[in-house]
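Subject: Structure handover

Hello,

I am passing this structure on to you, with the sequence and the coordinates together below. My notes on what was found follow after them.

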Amino acid sequence: MSSSIFPSTGYRVSFNGYLDDIFSDFPPQNPLLFSSGSDNSTQKTNGSSSGSDDCGTNQWAVKMIDERRRKRMISNRESAKRSRVRKQKHLENLKNQVTRYTTGNQELKNRLRFVNHNGQLLKRENDRLRSASLMLQQTLSNLHQLLLVADLHYQLL
């Protein structure tokens, strides 16, 4: 890990191997500029006396960091937008699915009503036919008894 203090601002910036290769292309003019000491006043005075080359390098580094931060923010915004679009599509799919299930449920309820209605009609018809069957059986039984009585009466005469 390297640590740098920018003399123009006094900011300490640490890089985890992240910008080390970039800074190797632009070596500092003053060796105290990139030291990891904790005395900010010494480094500020040494940095301020080193001239415009260090200031230009520092400004370049700050611009690079700002540019990367700006790109990361743009990337995050685009990613969030894509995520919102995906979420919206998913929500639309769920709404469509609810609509399809509601329609299908209504169709099933209508079919169930139709089947129940026809079942009740068939039950009434079946009850009517059973009742008619019982009446016919009773009539047949009565006629059979009349014939038996008539036959007995004929045999007795």
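Of the 157 residues in the protein, 13% are buried. Please keep in mind that this is a predicted model. The protein exposes about 13000 Å², and carbon and sulfur atoms supply 58% of that area.

The protein has two strands and three helices. Read from the N terminus, the order of the elements is β-β-α-α-α. Helix 3 covers residues 52-156.

As for contacts, take those with a separation of 6 or more: 58% of them join residues that are 24 or more positions apart.

The rest of this note is about charged pairs. Side chains of opposite charge can pair when their charged atoms come close. How many salt bridges does the structure hold? There are four, and three of them are described here, among them the pair R69 and D66.

R69 and D66
The side chains of these two residues form a salt bridge, with 3.4 Å from N to O. Both R69 and D66 belong to helix 3, where they sit three residues apart, about one turn of the helix. R69 has a relative accessible area of 41%, so it counts as partly exposed. D66 is also partly exposed, because its relative accessibility is 38%, between the limits of 20% and 50%.

R70 and E67
Another salt bridge links R70 with E67, and here the closest N and O atoms are 2.5 Å apart. What separates R70 and E67 along helix 3? The two are three residues apart, which means about one helical turn lies between them. R70 is partly exposed at a relative accessible area of 41%. For E67 the relative accessible area is 29%, so E67 is partly exposed as well.

E125 and R128
Further along the sequence, the side chains of E125 and R128 meet in a salt bridge of 2.7 Å, N to O. E125 and R128 also lie in helix 3, three residues apart, so about one helical turn separates them. Are these two residues buried, partly exposed or exposed? E125 is partly exposed, with a relative accessible area of 35%. R128 is partly exposed too, and its relative accessible area is 46%.

To recap the pairs: R69 with D66, R70 with E67, and E125 with R128.

Regards

Methods
Residues numbered from 1 in each chain as written. Predicted model: local features only at pLDDT ≥ 70, side-chain atom pairs only at ≥ 80, totals over all residues. Heavy atoms only, no water. Helix = DSSP H or I, 4+ residues; strand = E, 2+ residues; numbered from the N terminus. Buried < 20%, exposed > 50% of the residue type's maximum accessible area, 1.4 Å probe, protein only. Contact = heavy atoms within 4.5 Å. Areas by Shrake-Rupley, 256 points an atom, 1.4 Å probe, with all protein chains shown as cover.
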